[in-house]
Amino acid sequence: MVPQRLVAFIAPPGAGKDTQAEIFAQRFGFERFEMSKVIEENFAAASPGDKVIQEQKKIWISGGLLDSKLIIKWTLDAVRKLHAEGKSLVLSGPLRKVEEAEADMPVFEELYGRENIWIFHINVSLEVSVDRNRHRRICEENRHPVPNTPEYKDLKICPWDGSPLIHRKLDEPDIIRERYEAYEKETVPVLDFLREKGYKVIDINGEQKLEKVSDEIASYVKDNFKDVKRY
């Protein structure tokens with residue numbers, strides 16, 4: 001029996017973690033867990049009168065990091081539900097702070113087993129991050145990320161589900177700079193924490209062509225996990 005597995009992408013904005021998570025999910029049949037989608041769904045379901053949640057929403061829109069206790073709860077609630085459904089997951093977004101990693105990783109390990117958890121670290125410079133995000137779009141229906149590459153440049157609709165492509169306010173240059181600074185301050189220490197705890201962190205150069213990045217990730221999976229089915 002093939003074990004359930006959990007893959008997490010850690011990367012600054014613009015490194016392509018959402019795109020690579022989407023490619024990974026489609027290539028290997030994993031369920032894609034997008035933290036920004038979980039956040040948006042929880043904000044949409046919250047009462048307009050909930051002052052705490054509404055204040056957190058303002059922080060999120062401005063590019064800041066949300067309260068870790070809130071993110072931890074939303075993450076673990078969703079992961080437990082998907083694990084109970086028998087899903088292998090590919091995450092893009094959680095593990096943004098050491099506090100979150102300290103809370104999330106023991107639960108992830110309890111559910112999936114340490115040997116079935118893979119962490120991919122994709123890195124790009126601030127300049128590349130800003131340039132990529134200012135042209136980045138997602139689809140309205142299912143939030144498929146559409147990269148800023150020549151083959152997708154002139155598309156108006158999503159190539160996967162046909163819904164309109166939109167540009168998020170979160171991807172404006174000023175906000176991306178703030179998000180990148182927050183990543184360096186809050187998320188880079190997570191990588192050190194994971195390594196110190198003995199988790200395997202696979203470093204990937206995100207400034208390569210999209211296909212090169214995804215092929216490098218796929219090659220790692222092929223070389224190390226023979227039972228993972230390719231789609």
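1. In which helix is the place of Val79? Val79 belongs to helix H4, in what is a predicted model, and the points below should be read with that origin in mind. At 0% relative accessibility, Val79 counts as buried. The C-alpha atoms of Val79 and Leu111 are 9.1 Å apart in space, although 32 residues separate the two in sequence. Helix H4 spans residues 68-84 and returns in the discussion of the second largest pocket, to whose lining it gives two or more residues.

2. The parallel sheet can be described strand by strand. Five strands make up an open sheet with parallel pairing, and their order is E2-E3-E1-E4-E8. The edges are taken by E2 and by strand E8 (201-205); each has a single partner strand, so one side of each is left without a neighbour in the sheet. On average, and with direction ignored, neighbouring strands of this sheet are turned by 20 degrees against each other.

3. Strand E1 deserves a closer look, and its two pairings can be followed at the residue level. With strand E4 (residues 117-123), strand E1 (residues 6-10) pairs in the parallel sense over 5 bridges; within this pairing Leu6 stands opposite Ile117, and Trp118 of E4 is the bridge partner of Val7. With strand E3 (residues 89-92), E1 again pairs in the parallel sense, here over 4 bridges, and Ala8 stands opposite Leu91 of E3.

4. Is E1 enclosed by the rest of the structure or left open, and why? Of the 5 residues of E1, 5 are buried, so the strand is largely enclosed by the rest of the structure. The covering applies to both faces of E1, with Leu6, Ala8 and Ile10 buried on one side and Val7 and Phe9 buried on the other.

5. A second sheet is formed by 3 strands, is likewise open, and runs in the order E6-E5-E7 with antiparallel pairing. Its edge strands are E6 (145-146) and E7 (165-166), each of which pairs on one side only. Strand E5 (residues 137-139) and E6 pair in the antiparallel sense over 2 bridges, and in this arrangement Ile138 stands opposite Pro145 of E6.

6. The cysteines call for a cautious reading. The count of disulfides comes to 0, and Cys139 is accordingly in no disulfide, the nearest cysteine sulfur being that of Cys158 at 3.8 Å. Why does Cys158 form no bond with Cys139? The sulfur of Cys158 is 3.8 Å from the sulfur of Cys139, its closest cysteine sulfur, and this is too far for a bond, given that a disulfide requires the two sulfur atoms to lie within 2.5 Å. Both cysteines fall in the buried class: Cys139 has a relative accessible area of 1%, and Cys158 has one of 3%.

7. The second largest pocket holds about 390 Å³ of space. Its lining consists of 15 residues, of which Glu31, Arg32, Phe33, Glu34 and Lys37 lie nearest its centre. Two or more lining residues come from each of helix H1 (17-28), strand E2 (31-34), helix H2 (35-45) and helix H4 (68-84). Strand E2 gives the most, with 4 residues; E2 is also one of the edge strands of the parallel sheet. By class, the lining of this pocket comprises 6 nonpolar, 3 polar and 6 charged residues.

8. As for enclosed space, the count comes to 1 cavity of 30 Å³ or more, and about 30 Å³ of space lies in the largest cavity. Which residues line the largest cavity? The lining is made of Gln20, Ile23, Phe24, Arg27, Phe28, Ser214, Ile217 and Ala218. The elements that give two or more residues to this lining are H1 and helix H8 (210-224), and H1 gives the most, with 5 residues. By class, the lining of the cavity has 5 nonpolar, 2 polar and 1 charged residues. Helix H1 thus appears in both linings, giving two or more residues to that of the second largest pocket and 5 to that of the largest cavity.

Note on methods
Residues are numbered from 1 along each chain as its sequence is written. This is a predicted model: local features need pLDDT of at least 70, side-chain atom pairs count only at pLDDT 80 or more; totals for chains, interfaces and linings use all residues. Side-chain values use heavy atoms; hydrogens and water are left out. Buried means under 20% relative accessible area, exposed over 50%, partly exposed in between (1.4 Å probe, protein chains only). On a 1 Å grid over the protein atoms alone, a cavity is a set of points where a 1.4 Å probe fits but cannot get out, and a pocket is an open set with protein on both sides within 12 Å along at least five of seven lines; lining residues have an atom within 4 Å of a point. Grid points are joined across faces, edges and corners, and a volume is the space filled by probe spheres set on the points. Ala, Val, Leu, Ile, Met, Phe, Trp, Tyr, Cys and Pro count as nonpolar, Asp, Glu, Lys and Arg as charged, and the others, Gly among them, as polar. Two strands pair if DSSP finds at least two bridges between them. Axes are lines fitted to C-alpha atoms, for helices over the stretch in contact, and angles run from 0 to 180 degrees between N-to-C directions.
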